[in-house]
Amino acid sequence: MESSDTLRNKCAACYRQFNKMEHLVEHMRTSYHSVHEPTCGICGKHCRSFESMREHLIGPLPKAECERVFKERGCDICLTILGSRNALRVHRETCQLSRGNAGLLHRMGNLGIYDEIKVDNNRAKVVALACKMVGGGSDGSLDLCARVCLIDEYENIIFQTYVKPHLPVTNFRYESTGVRPEFLRDAMPVRQVSRKIQDFLCNGEAIWKIRSRGGRARILVGHGLDHDLKCLDMEYPPILIRDTAKYPPLMKTSKLSNSLKYITKAYLGYDIQTGIQDPYDDCVATIRLYMRMRSQFHKWEDYPLANDPQNRNNFAQWRQSELERMSPEELLEISRSDYSCWCLDSRDPSA
């Protein structure tokens, strides 16, 4: 049985126990526990990522009671606990998704019929971008963008085209890209593609003026966007980028990125990137992951981030004595996230 001192020094979020209260305070200072972390629907434990929560529920050493309940009425895709097995059955019908009509869109894309920005999509607030790379350089290892796709939050194609790289292609990587030399011969130059995409994303705002939410510029979703934007020779403000490779709840327990193929299978329930890969498939997967993360309901906080000016002194060293007199629940109450949860976008009227 746990002693009162042990309970006093037990983190109210991750349930880790400490010998001294000062150690718990230091843990809270550096862990950034918050209402935005994935949380076990059975015991209430906070986890840094969905992968760590999956380990807590059905990993090699799961918590016995949580494992029992989860196996009976837990969704193995979104990790939600339902009220009954029947509710779980109904829930799974909407939780597990499929690739849909990507095959038809791939064939249409090969015809080049989306190589102009669709004007009827100018009201889109969130767009997903994906590229497919061919190889350049003497050994074909230099990534060069050869296909690009841009879709809106309803999975409609806004822009899709082949791209003519600025360097000679030495490896078309046909097995995965499906790109042949004749597809790029008269393709749009990469600089023209970049300009079209950037103009659409900025939506009339000067890129150097984009500072925060609330303007006309669009949210950009993707996986490994640093790499895609670099290959397109494009810049975009980080505050409007939603990267599934860098979003903490979708990362590995080790804090490394998961592949898009893995997180699509794990959190949407279907396979992508088998055989010849279509950038549309990647766009759909990232926009679905974004919308699923964004739709989560978390407690409202006026200042949800640890680096908000109002929160900078929450765990200041000069407050150490005061913090050590607080209960674990009170410490959790003033703790804030070190990343911007995507659920906050749903509260932004411009998104």
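A residue counts as buried when its relative accessible area is under 20%, and that cut-off will help in reading the close-ups below. The model shown is a predicted one.

**View 1. Arg288 and Glu155 meet in a salt bridge.** Here the side chains of E155 and R288 come together, with N and O 2.8 Å apart. The two partners belong to distant parts of the chain: E155 sits in the loop between β2 and β3, while R288 is in helix α12, 133 residues away. Because its relative accessible area is 15%, R288 is buried. E155 is partly exposed, at 24% relative accessibility.

**View 2. Strands β2 and β3 form a hairpin.** Let us stay with E155 and look at the turn around it. Four residues lie between the two strands, and in this turn E155 has a positive phi of about 70°. Strand β2 covers residues 142-152, and five bridges join it to β3, with the two running antiparallel. One pair to look for is V148, whose bridge partner in β3 is T161.

**View 3. Strand β3 is mostly covered.** This strand takes in residues 157-164, and seven of its eight residues are buried. F159 has its place in β3. With a relative accessibility of 0%, F159 counts as buried. For a sense of its surroundings, find L129: its C-alpha atom is 9.4 Å from that of F159, and the two residues are 30 apart along the chain.

**View 4. Strand β3 also pairs with β5.** What is the direction of this pairing, parallel or antiparallel? The two strands run parallel, and two bridges join β3 to β5, which consists of residues 188-189. Look for K164, which stands opposite P189 in β5.

**View 5. Arg147 and Asp278 form a salt bridge.** The closest N and O atoms of R147 and D278 are 3.8 Å apart. R147 lies in strand β2 and D278 in the loop between α11 (260-267) and α12 (279-294), so this pair ties together parts that are 131 residues apart in sequence. Are these two partners buried or exposed? R147 counts as buried at 1% relative accessibility, and D278 is buried too, with a relative accessible area of 4%.

**View 6. Helix α2 holds a salt bridge between Arg29 and Glu26.** Next comes a helix, spanning residues 21-31. Its buried residues are M21, L24, V25, H27, M28, R29 and S31. The closest N and O atoms of R29 and E26 are 2.6 Å apart. Both residues lie in α2, three residues apart, which is about one turn of the helix. An α-helix has 3.6 residues a turn, so residues three or four places apart point the same way. R29 is buried, with a relative accessible area of 15%, whereas E26 is partly exposed at 35%. Just after the helix you will find Y32, which takes a positive phi of about 55°.

**View 7. Three charged side chains share a network.** In this last view, salt bridges link E65, R68 and E72 in a network. Across the structure there are 17 salt bridges, including the one between R29 and E26, the one between R147 and D278 and the one between E155 and R288.

Notes
Residues numbered from 1 in each chain as written. Predicted model: local features only at pLDDT ≥ 70, side-chain atom pairs only at ≥ 80, totals over all residues. Heavy atoms only, no water. Buried < 20%, exposed > 50% of the residue type's maximum accessible area, 1.4 Å probe, protein only. Pairing = 2+ DSSP bridges. Salt bridge = Lys/Arg side-chain N within 4 Å of Asp/Glu carboxyl O.
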